[in-house]
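Okay, everyone, thanks for coming. Let me put the next one up on the screen, and then I'll walk you through it.

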Amino acid sequence: MSTFDNPFDPDRNLRAGCACGQHRSAAEHDQAALSLHCEPVESEEKRYEGVVASAVMRAMFPQDAARRAFLKSVGASTALAALSQFFPLKTATEVFGQAGAPEKKDLKVGFIPITCATPIIMAAPLGFYAKHGLNVEVVKTAGWAVIRDKTINKEYDAAHMLAPMPIAISLGLGANAIPFAVPAIENINGQGIVLAAKHKDKRDPKDWKGMKFAIPFDYSMHNYLLRYYLAEHGLDPDTDVQLRSVPPPEMVANLRADNIDGFLAPDNICQRAIYDGVGFMHLLSKEIWDGHPCCSFAASREFITNAPNSFAALTRAIVDATAYASKAENRKQIAEAIAPANYINAPVTVLEQVLTGTYADGLGGVKTDAKRVDFDPFPWQSFAVWMLTQMKRWGQIKGDVDYKTVAEQVYLATDTKKLMTEMGLSPPASAYKSFAVMGKTFDPAKPEDYVASFKIRKAS
Amino acid sequence: MTSSLRLRAGLVSIALLAAFLGVWHLATRSTGATTTMSPEYAKLMGLTATQGKSAMPGPLDVGAKLWEHLKRPFYDNGPNDKGLGIQLAYSIARVGTGYLLAVLVAIPLGFLIGMSPLLSKALDPFIQVLKPISPLAWMPLALYTIKDSSISAIFVIFICSIWPMLLNTVFGVASVRKEWINVARTLEVSTVRRAFTVILPAAAPTILTGMRISIGIAWLVIVAAEMLVGGTGIGYFVWNEWNNLSITNVIIAILLIGIVGMLLDQILARFTRMVTFPE
């Protein structure tokens, strides 16, 4: 991460990312260790010194070329000495270091055992929380309503939630209105529509009238995506089919028992149904909307206000873990790390198929889609606006909605952007982006028009 | 009971068990590979799909798994994965706490109500309404007001085990034979002494029967409560294994829940026998 590199290295670009300790020669490493380098990290303080010095250097030399020229001509140690002459680097570092120390180190984070929670879970066995100075216990939880209540009751400091849940909680839908916030999205894509094996020949949604489908929760992307998909194919999800909220593990059992005809569920559940031979993959959720968010990392505003540094450290750990999980070469290792009973508790084969994207489709074929599930932490506010339009479309919210305000209050794009920049990642410049769902473009600036443009929706 | 009867009963029990295991084994045999699959595809699939293995585990699978659990009952792999011994201990501790609290409330209260016909009549409608409520119906309310899931679980145990004890105590105290109380009265025994030396021994068998019913209910409820709140306990274990669709472990948990429930019941049955007297 560039946050941690030596700002006095003339050859290093301060703005781009770089991993610590990747020096080109031993001499350079020694020199770095002598001045301000942090790899190996000697102490928190040293690391912050690096961050502060790098910020100062960046301010003094907005142009990289000028900084490099300056450093080349005078040398790093002279530069540092000169800099500390007229800038109280030590004091600034102390202030920064104090601001960085977490108020609360022992934290509890709740999760639901599905692959969407991968960054939250793997951050524990792979040491991402420890790296950011936290001692986090990840606690498996029975269901979405329970995780909501336990987070509201402060048994958990932060939790894994479905992306629309913090919005729903903040608006007081299905719970008391308590302000919640989302600093990071967990995963994008990674869901699927699975149908019972007997429906092999009913691949056209138009034939699905009267079928029963399971979704994990009312306030879930699964609900909105399935409704969207059905509606685009001319079925009214409220009258033509039955949608039931079913806890994910029970979906496979219900599918086997013939209580439901299919489900739009989080992975590993989809793959598990295939693995056990009860269903087949009709469609990856990515084919409905490529890059859709699914689950989020959420905390209450109260926790953020009371322990801003713990919260920032948590967010950094999650962003770090998400970045690690987004790399294809790490996925096998992650699958093994999160499979044991302490975490997801599922066969490694199933998790590997989900994470690597090479999977059995349940119809006798093996398919490959490296982006079946992906991880991207940035909490786009346009995602929140889209979810609000769907809540409005299906009658979950009545009356007028202030899309922008709600989205900006719940999805902390600005704060995350700042953190990501500090960590040397390159977050997007805007918090809004347009995207297409099943070919239909969504313009986050015109949510009302978007809602009105759907023929099938709940009359309100 | 003659010893030959006992022997014959034992033999029938064993025969029944053997027959049950035999039928179970036959019913869950794998049917062999049903469809042909490419090896590449088969590698990605579970045994149910490839070998035609029944989704229901056979007795041999369960036995092997049970042995595995019994070999290391107290391992601790972090907050979400603990040995069966630890899980059972958590459940028993929860049941014990909730149950003891219920005993502390129900028996004195029952005594009071039983000795006073006025209170008995006045409180009767409340007790009648509260008694039939399913203990799990209290759960959302408890979670909402107590704001702590483990205390909520204990509260649910408390609330479900209090009624049988309370009602049995009231009944036992109220139905002590009038002659005995009158004798005590003629001898000018004080009220407190009368309660402890006459009424308590006389009502003890009924009270203990109530306690025995209560512990049974408490043990029934803890599993459901732990499935809801999660974290620790045998109910959580069932839920966690259900999550992994591991029916084998669920069956093992069912077996253990049965055994522990039986032990708890037997302990109270022994106490009941100790205080029973011939009339």
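So, start at Q191 of chain A: its bridge partner in β9(A) is P266(A). That pair belongs to a strand pairing in this predicted model: β6 of chain A, residues 191-196, and β9 of chain A, residues 262-266, run antiparallel and are joined by five bridges.

Now zoom out to the sheet. What's the strand order? In chain A it goes β8-β7-β9-β6-β10, an open sheet of five strands, and the pairing is mixed. β8 (242-245) and β10 (279-284) of chain A each have a single partner strand, so they sit at the edges with one side lacking a neighbour in the sheet. From one strand to the next, the twist averages 25°.

Then there's a helix on top of this. α11(A) packs on the sheet and touches β6, β7 (212-215), β9 and β10 of chain A. Its direction makes about 155° with that of β9(A).

Okay, on to the interface. We've got 32 residues of chain A in contact with 28 residues of chain B. Which element gives the largest share of chain A's side? That's α11(A) again, with four residues. Several other elements supply at least two residues each, including β2 (135-140), α8 (144-152) and α16 (348-356) of chain A. By class, chain A's side is 15 nonpolar, nine polar and eight charged residues.

And confidence, before you ask. The complex gets an ipTM of 0.72 and a pTM of 0.76 from the predictor. For chain B the mean pLDDT is 86, with 95% of its residues at 70 or more.

Notes
Residues numbered from 1 in each chain as written. Chains lettered and ligands numbered in written order. Predicted model: local features only at pLDDT ≥ 70, side-chain atom pairs only at ≥ 80, totals over all residues. pLDDT = per-residue confidence, 0-100. Contact = placed C-beta atoms within 7 Å. Nonpolar A, V, L, I, M, F, W, Y, C, P; charged D, E, K, R; others polar. Pairing = 2+ DSSP bridges. Axes fitted to C-alpha atoms, helices over the stretch in contact; angles between N-to-C directions.
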